[in-house]
Amino acid sequence: MNSIAFIDTEIEPKSRKILDIGSVKGDGNSFHSNSITDFVKFLNGTEFICGHNIFNHDLKYIQKAVTDAGII
């Protein structure tokens, strides 16, 4: 079975700082933090990501983390 993580980010508009990353995997494991390092660890082994407005918003802030986790 392919693994998927549904993600959403909260960003401070003026500073563009990541305030929070929320994610849940298809197996029920969840993540809720602003730590990029911990987010990469959480995503390891995931094949796909999905999210509302992921291309126009979220990936601007977390693309490196997604890539570092091995998700193409």
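A residue is called buried when its relative accessible area is under 20%. By that cut-off, 35% of the 72 residues in this chain are buried. Please keep in mind that this is a predicted model.

First, the confidence. The average pLDDT of the chain is 94, and 99% of the residues score at least 70. Strand β3, residues 30-33, has the highest confidence, at 98. The lowest is in α2, at a mean of 94.

Now the overall layout. There are 2 helices and 4 strands in the chain. Along the sequence they come in the order β-β-β-α-β-α. The C-alpha atoms fill a box of roughly 40 × 20 × 20 Å along the principal axes. The radius of gyration is 11 Å, and this agrees with a compact globule because a globule of 72 residues would have a value near 11 Å. As for contacts between residues at least 6 apart in sequence, 43% of them join residues at least 24 apart.

Next, helix α2. It covers residues 54-68, which is 15 residues. How far apart are the end C-alpha atoms of α2? They are only 17 Å apart, whereas a straight helix at 1.5 Å a residue would reach 21 Å. The same helix, α2, has a kink of about 70° centred on I62. After α2 comes G70, which has a positive phi, near 90°.

Which residues of α2 are buried? They are I54, D58, L59, I62, A65 and V66. The buried residues of α2 pack against two strands from the start of the chain, β1 (4-11) and β2 (18-25), and also against α1 (36-43) and β4 (48-50).

That brings me to the core. The largest nonpolar core has 17 residues, and those touching the most other members are I21, F39, L43, I62 and V66. At least two residues of this core come from each of β1, β2, α1 and α2. The biggest contribution is from α2, with 5 residues. Note that I62 is both the centre of the kink and one of the residues that touch the most other core members.

Let me take V66 on its own. Apart from neighbours within four places in sequence, V66 is in contact with L43, I49, L59 and I71.

On to I36, in helix α1. Is I36 buried, partly exposed or exposed? It is partly exposed, because its relative accessible area is 33%. Not counting residues up to four places away in sequence, I36 touches I18, I21, I62 and A65. Between I36 and V66 there are two separations to give: 30 residues in sequence, and 9.6 Å in space from C-alpha to C-alpha.

The last residue is T46, in the loop between α1 and β4. Why does T46 count as buried? Its relative accessibility is 6%, so T46 falls within the buried class. Its contacts, leaving aside neighbours within four places in sequence, are S3, I4, A5, K25 and I71. I71 is also on the list of contacts for V66.

To go back over the main points: α2 spans 17 Å between its end C-alpha atoms, has its kink centred on I62, and gives 5 residues to the largest nonpolar core. In the loop between α1 and β4 sits T46, which is buried, while I36 in α1 is partly exposed.

Conventions. Residues are numbered from 1 along each chain as its sequence is written. This is a predicted model: local features need pLDDT of at least 70, side-chain atom pairs count only at pLDDT 80 or more; totals for chains, interfaces and linings use all residues. Side-chain values use heavy atoms; hydrogens and water are left out. The expected span of a helix is 1.5 Å times one less than its number of residues. The bend at a residue is the angle between axes fitted to the seven residues ending there and the seven starting there. Buried means under 20% relative accessible area, exposed over 50%, partly exposed in between (1.4 Å probe, protein chains only). Contact means heavy atoms within 4.5 Å. A nonpolar core is a set of buried Ala, Val, Leu, Ile, Met, Phe, Trp, Tyr and Cys residues joined through side-chain atoms within 4.5 Å. pLDDT is the predictor's confidence in each residue, from 0 to 100. The radius of gyration is taken over C-alpha atoms; the globule rule is 2.2 Å times the number of residues to the power 0.38.
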